[in-house]
Amino acid sequence: MSYRAEKILSLSGIKTKETSEEELKSIFQKVLDNGMHGLCFSPYEEGQEPGDLITEEQIRRRMEIISPYTKWIRSFSCTDGNEMIPVIAKEFGIKTMVGAWLGNDLSINKKEISGLIKLAKEGYVDIAAVGNEVMYRGDLTEEDLLTYIHEVKKEIPDVTVGYVDAYYEFSKRPKITEACDVVLANCYPYWEGCSLEYSLVYMKDMFQQAKKAGNGKKVIITETGWPFKGENFEGAIPSYQNALIYFINSINWSAQDDIDLFYFSSFDESWKVGDEGEVGAYWGIWDKIERLKV
């Protein structure tokens, strides 16, 4: 079987109109071996979900798998064992974007913020991310989020501090953008129903919108990816081939244009089906039992 790939794979230097699956796997492997700026770290094993305690052993095992391929990792929480992720990452020589997971439970938020500050003061945080898509979900008011951001900036003035959300939120919320040292933008052409053929152009536009909102501040793409299987989302079709192509294009573009990009995600996590449907379980470069997908 072959796949129409001339436009889609143009960044990879492929000139033929058709590319076999084996050729596609080979290109993917070469891009992966060349390394990437950043990777979102997926700690949860089969049967686990956020709120469960994760162990040092599982973090260390997965860190060892991904460490040859990435300069940075991004973590999402500072509680329930997640606080060990940046500590172990530093042992592997990997830089860290460490997230405090904020929601509508103020007691959990307090623990997350305290954990983030503690890790940063101990030298384990290169970029501090105060919340992830809180405005998108509507879990907090803008004023509450700003309070958390300012608290963290006051406590760790020498660490870069930002907030992660969908790229368009930074245009809508200039006060939050102004409070951040850096714009941390999630960019998913898939979740906006974009077909694979136009997905790279679409992501470039997302990036430019975030850059415009940042008004000179550095923009980092904190999440982007394409699922390997699951249900279609409008014109966006999950498939093994589409996921490989999206990875190749994203990583090549980020390298060529010097864009800091964190790919989502490292490992498949089955718990995500609750939020996203079947497609949620298949975003990983490695599967749920930690096998590379090529």
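Ser42 sits in the loop that connects strand 3 (36–40) to helix 2 (56–66), and in this predicted model the residue offers a convenient point from which to describe the fold. With a relative accessible area of 1%, Ser42 is buried, because that value falls under the 20% limit for burial. A polar atom of the Ser42 side chain lies 3.2 Å from the backbone oxygen of Phe267. When neighbours within four places in sequence are set aside, the residues in contact with Ser42 are Arg62, Ser265, Ser266, Phe267 and Glu269.

One of these partners, Ser265, belongs to the loop between strand 10 (261–263) and helix 11 (273–276). The peptide bond that leads from Phe264 into Ser265 is cis, with omega near 15°. As a general background to this and to the phi values described further below, most peptide bonds are trans, and most residues other than glycine have a negative phi.

The loop that holds Ser42 also contains Thr55, which is partly exposed, with a relative accessible area of 35%. Between the C-alpha atoms of Thr55 and Ser20 there is a distance of 41 Å, although the two residues are 35 positions apart in sequence.

**The barrel**

Strand 3, which precedes this loop, has 5 of its 5 residues buried, so the strand is largely enclosed by the rest of the structure. Strand 3 pairs in the parallel sense with strand 4 (residues 70–75), and 4 bridges connect the two; within this pairing, Gly38 has Trp72 of strand 4 as its bridge partner.

Both strands take part in a closed barrel of 8 strands, which runs in the order 3-4-5-6-7-8-9-10 with parallel pairing. On average, and with direction ignored, neighbouring strands of this sheet are turned by 25° against each other. Helix 4 (residues 106–121) packs on the sheet, where it touches strand 5 and strand 6, and its direction makes about 160° with that of strand 5. Strand 5 (residues 95–100) and strand 6 (residues 127–132) themselves run parallel and are joined by 4 bridges, with Met97 bridged to Ile127 in strand 6.

**Core and overall dimensions**

The largest nonpolar core comprises 92 residues, and those with the most contacts inside it are Met63 and Tyr263. Helix 10 (residues 240–256) contributes the largest share of this core, namely 8 residues. Apart from neighbours within four places in sequence, Met63 is in contact with Phe41, Ile73, Ile85, Ile88, Ala89, Phe92 and Ile94.

Taken as a whole, the protein has 11 helices and 10 strands. Its radius of gyration is 18 Å, close to the 19 Å that the globule rule gives for 294 residues, so the protein is as compact as a globular protein of that length. The C-alpha trace spans about 55 × 40 × 35 Å along its principal axes. Of the 294 residues, 54% count as buried. Among the contacts with a separation of 6 or more, 66% are between residues 24 or more positions apart.

**Exposed and partly exposed positions**

Two residues that are not glycine have a positive phi: Glu234, at about 55°, and Asp258, also at about 55°. Glu234 is placed in the loop between strand 9 (219–224) and helix 10, whereas Asp258 is placed in the loop between helix 10 and strand 10. Glu234 counts as exposed at 62% relative accessibility, and Asp258 counts as exposed at 65%.

Lys204, by comparison, lies in helix 9 (residues 196–214) and is partly exposed. The C-alpha atoms of Lys204 and Lys154 are separated by 33 Å, the two residues being 50 positions apart along the chain.

The table gathers the relative accessible areas of the individual residues discussed in this report.

| Residue | Relative accessible area | Class |
|---|---|---|
| Ser42 | 1% | buried |
| Thr55 | 35% | partly exposed |
| Lys204 | 32% | partly exposed |
| Glu234 | 62% | exposed |
| Asp258 | 65% | exposed |

Key. Residues numbered from 1 in each chain as written. Predicted model: local features only at pLDDT ≥ 70, side-chain atom pairs only at ≥ 80, totals over all residues. Heavy atoms only, no water. Pairing = 2+ DSSP bridges. Axes fitted to C-alpha atoms, helices over the stretch in contact; angles between N-to-C directions. Contact = heavy atoms within 4.5 Å. Buried < 20%, exposed > 50% of the residue type's maximum accessible area, 1.4 Å probe, protein only. Polar contact = N/O pair within 3.5 Å; in protein donor to acceptor, adjacent residues only side chain to side chain. Core = buried A, V, L, I, M, F, W, Y, C linked by side-chain atoms within 4.5 Å. Rg over C-alpha atoms; globule rule 2.2 N^0.38 Å.
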